[in-house]
Amino acid sequence: KNHEGAGFFLMVEGSQIDWGGHANDVGYICGEVLDLDKAIGQALKFAVQDKNTLVIVTADHETSGLSLHDGNFEKGYVKASFTRNDHTGVMVPVYAFGPGAKEFQGFYENTVIFQKMIKLFGF
């Protein structure tokens with residue numbers, strides 16, 4: 001049932017980025033990141049038009065310790081190495097755009113993201 005003005009919550013996961021990390025496959029990771037970038041682009045386009053939508057982009061963990069050493073976007077190559085094929089303790093960024101985005105600045109445990117969302121939802 002459509003409740004006009006009720007809003008909605010949408011979660012999009014680029015889970016196969018993690019798979020590429022476990023496989024230490026730079027090409028796989030890059031392809032999946034580009035796919036996720038398209039989804040984020042559409043969400044941001046909607047948020048700009050709507051003016052009442054918060055977009056949050058983050059990850060639940062880092063995988064593989066990927067280091068980029070060189071690359072060329074125009075030529076389509078990346079030179080990289082990995083420290084492992086499992087999860088690492090590397091911090092992951094949180095990007096936010098829209099009403100309440102400032103709530104997501106700083107450093108904190110990833111479980112705090114949920115608490116910040118609940119606060120903004122007014123629960």
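In which strand is the place of T63? In this predicted model, T63 lies in strand β2, which covers residues 62–63.

Before turning to that residue, it helps to survey the whole chain. The protein has three helices and six strands, and their order from the N terminus is α-α-β-β-β-β-β-β-α. Taken along the principal axes, the box filled by the C-alpha atoms is roughly 45 × 30 × 25 Å. Of the 123 residues in the protein, 15% are buried, and the exposed surface comes to about 9400 Å², with 56% of this area supplied by carbon and sulfur atoms. Among the contacts with a separation of 6 or more, 55% are made between residues that stand 24 or more positions apart. As for charge, there are 10 positive and 15 negative side chains, and the centres of these two sets are 8 Å apart.

T63 itself has a relative accessible area of 10%, and it therefore counts as buried, since the cut-off for that word is under 20%. Its side chain takes part in polar contacts with two other side chains, D18 and H61, as set out here.

| Side chains in polar contact | Distance |
|---|---|
| T63 and D18 | 2.4 Å |
| T63 and H61 | 3.4 Å |

When residues up to four places away in sequence are left aside, T63 touches D18, G21, H22, D86 and H87. D18 thus appears twice in this account, as a residue that T63 touches and as a partner in a polar contact of 2.4 Å.

Note on methods: Residues are numbered from 1 along each chain as its sequence is written. This is a predicted model: local features need pLDDT of at least 70, side-chain atom pairs count only at pLDDT 80 or more; totals for chains, interfaces and linings use all residues. Side-chain values use heavy atoms; hydrogens and water are left out. Helices (H or I, at least four residues) and strands (E, at least two) are DSSP runs, numbered from the N terminus. Buried means under 20% relative accessible area, exposed over 50%, partly exposed in between (1.4 Å probe, protein chains only). Contact means heavy atoms within 4.5 Å. Accessible areas come from the Shrake-Rupley method with a 1.4 Å probe; for residues, only the protein chains shown count as cover. Lys and Arg count as positive and Asp and Glu as negative; His and the chain ends are not counted. The place of a charge is taken as NZ of Lys, CZ of Arg, CG of Asp or CD of Glu. A polar contact is a pair of N or O atoms within 3.5 Å; within protein, one must be able to donate a hydrogen and the other to accept it, and residues adjacent in sequence count only if both atoms are side-chain atoms.
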